[in-house]
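Student: I have a structure open and would like to go through it by question and answer. Where should we begin?

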Amino acid sequence: MARVSSSNPQLSSNRLFNKKLKPVKVKDIILDGSTDRAANYGGYDAIGLIFYNKIQIKNDGLNTNPDADETLESKGFDGVAKPLFPFLKYYPLINEVVLILSTTSKDYLDDRLSRIDYYFPPINLWNHPHHNTLPAVQNYSEDKSEIFKNEDYQQAGLLRRAVDGEVDINIPLGKYFREQLNIKPLLPYEGDYIVEGRFGNTIRLGATARSEAIPKEQKNNWSNGTKGEIGDPITIIRNGQAINLDNQGWVHTLENINTDPSSIYLTSNQKIDNFAIAAPDCWYSFGLNAIIPQNDNEEAKKFLDSPIDFMVAEEVTIEENTQSVETQSVETQLETITEEDAGLV
Amino acid sequence: MAELKGEIKNLLNITDELASIQDSGKNPILTPVYPNNYQGKQVLLNADRIIFNARKQRSEESKDAANTFEGGDIHMFSHNFISFSSNGSIHLNTLFPRVDQHTNTQNYIMLNSPNIFIGMDTVEGRPKNYPTQNAVLGLKTQETLNKILDIFKQLLDILSDDYSHIGDNGHPTTPKGEAFETIRKDWYDSKGEPEANSVGEIRKMIKDIISRHVFIKQ
């Protein structure tokens, strides 16, 4: 059993969060190690480094803009941080919120107290894979009278739930990142392990999921077979979502092997019965009666072994009383004679 | 379960199997499950275009090594069928030698099977049955045609030298060898051009009738 150093685990957790992990908002990120700006932070070693502003010390007075420094036009920022994990690089977008942790730096051998900030992946503010930015709308509206009219924006989840899909305010998420309102999260089933990219690319480590508890419109096409058991593993790698989906990006979707841009299915006991074959009619050579040409010598040997198999009776026409009687093909019968007939007796 | 012990056993005699199907008149059992009807362990790759590319080239050292290449291959193995189907065409290409090279002895396409079917017999314009026409062996054909030509030439020799006809007036005629002089000329040394409209011209045509690049087993 794990030891708990504090008598109150909740208190310990809160203390860790308050003193160690700090939420900050990303102002900019270095993705090109060859620039002069990157050179100031270590060149290529600075790839992934973010410039952030703290979000918990802002003055939220109604007459000032507490997030005035978050735009790129503003020079100010509160600090920089590097990705925490060496094996996982999930680069945040501008105005996404990340947790930072201050801990040992590479200068540790020279200065035991040397510390720098590292950041975790973005906080799942909108519970959406495409992005989770939280911009202060007032910074991006030309009409400053709109400064504090951002309630719709925040409550609606970055306007993503506007059914008509229109976004009136152009808020940069990066220098070239293109917001796509129709990107949908992947619909999960019980026990699924899903990895989602920002652009509809996904990896599902799932299983056959067959239950009356699953609504009809949420049933998948890999759980239909009669042989499979619930829990039979399936891995689906999908590079982008289907292009014919609606713009309701908050509604989850499923993989579709036929309309997803490209995909790999690794099945264990499933049937992908909606899989559309590119050449469905080109199956001629299967399911036929084959005639295998026989070797002449083999034919001859068969004849010698059993000549009767090769005897075919011919049609015989018998004329009787000017009446022609045509017989059908008759089987040849072996003629038998007695010893007396043969003159042996 | 079959125990292989280091050798590949012929677990299924395809020829016998197909023959038994033919004899019994039953539907053949050797048909794979259609892709979207198959339920089991499989990998589906689906995209607008799929490329398999084995990029390693033969090194200069390996060109001198005997029979063994390391990498640069694509291999597919299966217990039952390997099937290629296309609404369009299927191409198999190998590299040809450069223009200044006059022989092509290195690259080839190999089809190795006890039975090889090319094309299918159609019913109402649709592929329906396996083909039943036999292929022709090139060398055997060449040998047979040369034999026919030899006999034909012997006949010409007899007609021109050794035989007399009975003419219209009842007297024997004198053989006219010069009448067969051109047609009797053979082409033994396989050099130069044979006489036009001669046995030799046909001999040369028989020599050229076989392909130098396509071979079939006996």
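Tutor: Begin with a term: a residue is called buried when its relative accessible area is under 20%, and exposed when that area is over 50%. Keep in mind that this is a predicted model.

Student: Are A:Arg204 and A:Glu255 buried or exposed?
Tutor: The side chains of these two residues, A:Arg204 and A:Glu255, meet in a salt bridge at 2.8 Å, N to O. A:Arg204 lies in strand β7 of chain A and A:Glu255 in the loop between β8 and β9, so the pair ties together parts that are 51 residues apart in sequence. As for accessibility, A:Arg204 and A:Glu255 are both buried.

Student: How does A:Arg37 count by relative accessibility?
Tutor: A:Arg37 forms a salt bridge with A:Asp28, 2.5 Å from N to O. Its partner A:Asp28 has 5% relative accessibility and therefore counts as buried. A:Arg37 has 37%, so its class is partly exposed.

Student: In chain B, which residue meets B:Arg203 in a salt bridge?
Tutor: B:Arg203 is in helix α5 of chain B, and the pair links parts of the chain 17 residues apart, with the other residue in the loop between α4 and α5. B:Arg203 counts as buried because its relative accessibility is 12%. The partner is buried too, with a relative accessible area of 17%. At 2.6 Å, N to O, the partner is B:Asp186.

Student: How many salt bridges does the rule find across the interface of chain B and chain A?
Tutor: The structure holds 14 salt bridges over all chains. Across the interface, the rule finds 15 residue pairs in polar contact. For salt bridges between chain B and chain A, the number found is 0.

Student: What area do chain B and chain A bury between them?
Tutor: The contact takes 42 residues from chain B and 36 residues from chain A. B:Gln39, B:Leu44 and B:Asn46 supply 21% of the area that chain B buries against chain A, more than any other three residues. Carbon and sulfur atoms carry 58% of the total, which is about 3,500 Å².

Student: Which chain B residue is among those touching the most other members of the largest nonpolar core?
Tutor: That core has 13 residues, and A:Tyr189, A:Trp222 and A:Ile257 are among those with the most contacts to other members. Leaving aside neighbours within four places in sequence, A:Ile257 is in contact with residues including A:Tyr265, A:Ile272 and B:Leu44. The chain B residue in the list is B:Leu44.

Notes: Residues are numbered from 1 along each chain as its sequence is written. Chains are lettered from A and ligands numbered from 1 in the order in which they are written. This is a predicted model: local features need pLDDT of at least 70, side-chain atom pairs count only at pLDDT 80 or more; totals for chains, interfaces and linings use all residues. Side-chain values use heavy atoms; hydrogens and water are left out. A nonpolar core is a set of buried Ala, Val, Leu, Ile, Met, Phe, Trp, Tyr and Cys residues joined through side-chain atoms within 4.5 Å. Buried means under 20% relative accessible area, exposed over 50%, partly exposed in between (1.4 Å probe, protein chains only). Contact means heavy atoms within 4.5 Å. Buried area is the accessible area (1.4 Å probe) that two parts lose on being put together, summed over both. A salt bridge is a side-chain nitrogen of Lys or Arg within 4 Å of a carboxyl oxygen of Asp or Glu. A polar contact is a pair of N or O atoms within 3.5 Å; within protein, one must be able to donate a hydrogen and the other to accept it, and residues adjacent in sequence count only if both atoms are side-chain atoms. Helices (H or I, at least four residues) and strands (E, at least two) are DSSP runs, numbered from the N terminus.
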